[in-house]
Each structure stands twice: as C-alpha cells, then as structure tokens.
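Please open the model in a viewer and keep the selection tool at hand. The tour below proceeds stop by stop, naming what to select and what is found there.

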Amino acid sequence: MTMAASLLKSAWTAVSALATRRVEFGCDKIPYRFEKVPRKKILNWILVEASARARVAKPWGYPTILQVEPTNGCNLRCTLCPVAEGLERPYGMMDPALFRKLIDEVGEHVFLILLWEWGEPFLNPRTYEMIAYARSKGIRLVTSTNGHLFAKKENAEKVVRSGLDTLIFAMDGISQDTYERYRRDGKLETILAGIRNVVEKKKELNSPTPLVNLRFILMKHNEHEIPALREMAEKLGVDALTLKTLYPGHGCDPEMDRENEFIPREPKHRRFRYDEQYRRIGVGRNPCRVLWISPAIHWSGVVCPCSFDVEEHIPFGDISRNTFKEVWFGEPFVEMRRRFRDEWKSIPLCRVCSYAYKGGDCSRETVVSAVFFGS
C-alpha cells in the first residue's frame, strides 16, 4: 500500500468512526469491536494514531492501550524468562487503589488493557477486582496465564464473573514431556483442568466471556505437535487457538541464536528472518508505535517504555507519586520518543527488541495464525 493510499484509508477510518461511534482493531489477531464509543474517546484515538504516524515527541493525546503488571511473581520457572532467573527489581503486587487511580485518570481514553507483564497475573488475588473495575469504566481487558490457578473451580468462577474479555492460556505442549521442557515446574494436567473449569463455568453462567484463547509458542521441541493441536483445542472447548513465535531471550546476544535450543527448525515457525550466516536481518525504519500508544506500568506504579524494559532501566516516572499526565507528557518520555524517532539504533533497549528485526513486528507478525471455534 502506498503512503497516499494508507493516509486515505486512515482518514476514512477516522471519519467513519466519528460518524458511527464504532471502533475496531485487533490484538494478537483477535478482533475487538467497540460500540457507542464517546466521540471524545474516538477523537483521542485518532489523535494518538496520528501522533504515532508522525512520531511527534509529545503525543497529541493519551494512550489507547495500557500494559499493566498485577505482579511480577510467578509459580513457574519458564526457560528464557527473566523472572525465573531472578529480577533485579523488587517483587510485589499492585495495590488495587493504585490501579483505580490510574483508571480514574485515563480510563476515558483507554480502549484496551493488557493485564500482564512479567509474572503470573492471578497470583495477585486482587486481579479479579481490578478487572471488574476497569470493565465498569467501559474498558476491555486481555490477560495471559499459565492456567494452574484455575484448577481451583472457585478461581474459574471468579474470572468469568469479573467480566474479563480474553483469557490466554499459555500451553506449549500436548504431552507432559514437551510441556515441561519450557514451562519448568508446570503440570500439563493442571493447566488442562484449569481450561476445562473456565469453559464449563462460562457455560454454567451463560457468559459470553472470557474468550478462551489457547496459546502455543512455537519451539523446536514442540513444532511436531502442531498437527494434533487443533483437535485437542476443539475437544477442550476453547474459543480460539493462536500460534505465536518465540522471542529467543530477553537481553540475549542475537548472535547466539544459532546455538539456541528452542528456535524451531522450520523457518516459517521462527520469529526472525536470518541471512546465510544465521544472523538476524535488521529493519531500517523501526515500526514500533508503543511509545505513543501503549506504555508499560509495573506493579509498583513505575512507568516504562514497553514490556522489553524488564528491569526498569528506563523509568519515566511513578504514578504512585505523580499523575499519569505528568509522566506521559514529561520530559523523560518526550526525550525517549525524540531519540527513537531520530536514531532508534542508539537506544540499547530498542536495538535488540523484537521490532528491530524482520519478522518481529509484535503488532502484525509474531502471532502467525489464529483459528476460531464455535459460533
């Protein structure tokens, strides 16, 4: 699509949204439709999208998507996950009062919250409460879980009653041997019980939500299970099955990909494109838009540029001490956007981020397929 055609399409989308008060966009190939949206919210969305396209240092509106971390603790020790190796920053759980403060300030602008970052979100027992509060403000929510806590039926009922829109179950194997290769300390039968409990509770309560998304990360040791995966997903009664490529490891040297035992054999299952020397092929213009539309907020209230800033090396502020407005439009965030626009390769975090390489566009490429079941 040419630049002119892209601009024309964007303009038509904006006009149509204002006229109909309907907005639609996808997240991990799952469509989200918003009806009867206040025009003020739509106008903010249009301005933020324009800000991201123009890459202005100070956005023309508030973010429309938030990534919020209920906790950075976890009950598994997944290989390649920095939480399993031990984080430099403290562990803790977000206070619901802090979450409400955030929602009360920016909720009228936000369409979607990705309610996870580093850790198992439901280890925070107040996560259900936070979901319900955001839903009461008209915000849609997606979260990802390793599923073990939903083996308890009372937790399955709480998540269905919370109003959560999408629940991703991360299950990267259909046998225990395959599953535990990556999900260390995980039990396949436990996550299967959790999935069944949520599916059954949805039926029992006649609830259309949450959409249950079975997520399978493609790796060398599990790619042979793909043919049998769809049948298992259908039998479980999930709503969707998504296949996602593997990020080879946060903070890892890209030159080590050749030795990485988890990168799939099949090139089509890999996240990145490689040259003849098995080096990642970089991009010229980095397509990332996160600095304009979707900041990461850690459990403590610290605001970071994105989920790749695992250790809070680039904190922009703390919403437990400042307003979100002060952080979002503050000089540290403005300078980061300016630097990204002018010389993104000079930023260590961005230089090794998924977006820096061909195949790594997290908004378009990393989920390679989605299959939907039922009506």
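**Helix packing around α6**

In this predicted model, begin by selecting helix α6 (residues 153-162) together with helix α8 (residues 188-204): their axes lie 9 Å apart and the two helices pack at an angle of about 55°. An angle of that value makes α6 oblique to α8. Viewed for handedness, the crossing of α6 and α8 is right-handed.

Keep α6 in the selection and replace α8 with helix α5 (residues 127-136). α5 and α6 pack at about 15°, with their axes 9 Å apart. Because angles under 35 degrees count as roughly parallel, α5 is roughly parallel to α6. The crossing of α5 and α6 is left-handed, whereas that of α6 and α8 is right-handed.

**Salt bridges on and beside these helices**

The salt bridges in the model number 26; three of the pairs are visited here.

Select Arg161 and Glu157, both in helix α6 and 4 residues apart, which is about one turn of the helix. Their side chains meet in a salt bridge, with an N to O distance of 2.8 Å. Arg161 counts as exposed, because its relative accessibility is 56%, and Glu157 counts as partly exposed at 26%. Now extend the selection to Lys201 and Glu204: salt bridges with shared partners join Glu157, Arg161, Lys201 and Glu204 into one network.

Next, select Asp165 and Arg135. Which distance separates the closest N and O atoms of this salt bridge? The value is 3.5 Å. This pair links distant parts of the chain: Asp165 lies in the loop between α6 and β6 (166-170), Arg135 lies in helix α5, and the two are 30 residues apart. Is Asp165 buried or exposed? Asp165 has a relative accessibility of 7% and therefore counts as buried, since the cut-off for buried is under 20%. Arg135, with a relative accessible area of 29%, is partly exposed.

The last pair at this stop is Arg126 and Glu129. Their closest N and O atoms are 2.6 Å apart in a salt bridge. Both ends are partly exposed: the relative accessible area is 38% for Arg126 and 34% for Glu129.

**Backbone exceptions**

The following three selections concern the backbone. In general, most residues other than glycine have a negative phi, and most peptide bonds are trans.

Select Lys36, located in the loop between β2 (30-34) and α2. Lys36 is not a glycine, yet its phi is positive, at about 50°. With a relative accessible area of 69%, Lys36 is exposed.

Move on to Arg55, in the loop between α2 and β3. Here again phi is positive in a residue other than glycine, with a value near 55°. Arg55, unlike Lys36, counts as buried, because its relative accessibility is 7%, whereas Lys36 is exposed.

Then select Thr209 and Pro210 and display the peptide bond that runs from Thr209 to Pro210. This bond is cis, with omega near 0°. Pro210 is found in the loop between α8 and β7 (211-218), so a viewer centred on Pro210 shows the connection that follows helix α8, given that helices and strands are numbered from the N terminus.

**From strand β7 to a distant residue**

Continue into strand β7 and select Leu218. Leu218 counts as buried, because its relative accessibility is 0%. Add Val367 and set a distance monitor between the two C-alpha atoms: the separation is 9.9 Å, although Leu218 and Val367 are 149 residues apart along the chain.

**A nonpolar patch at the surface**

For the final stop, select Leu43, Leu47 and Trp60 and display the molecular surface. What is the area of the nonpolar surface patch made by these residues? The patch covers about 280 Å². Trp60 lies in the loop between α2 (39-54) and β3 (65-68), and that loop also holds Arg55. Trp60 counts as partly exposed, because its relative accessibility is 44%.

Methods:
Residues numbered from 1 in each chain as written. Predicted model: local features only at pLDDT ≥ 70, side-chain atom pairs only at ≥ 80, totals over all residues. Heavy atoms only, no water. Patch = residues over 30% accessible without salt bridge, like charges linked within 9 Å, V, L, I, M, F, W, Y side chains within 5 Å. Areas by Shrake-Rupley, 256 points an atom, 1.4 Å probe, with all protein chains shown as cover. Salt bridge = Lys/Arg side-chain N within 4 Å of Asp/Glu carboxyl O. Buried < 20%, exposed > 50% of the residue type's maximum accessible area, 1.4 Å probe, protein only. Axes fitted to C-alpha atoms, helices over the stretch in contact; angles between N-to-C directions. Parallel < 35°, antiparallel > 145°, perpendicular 65-115°, else oblique. Left-handed = near helix turned anticlockwise from the far one by under 90°.
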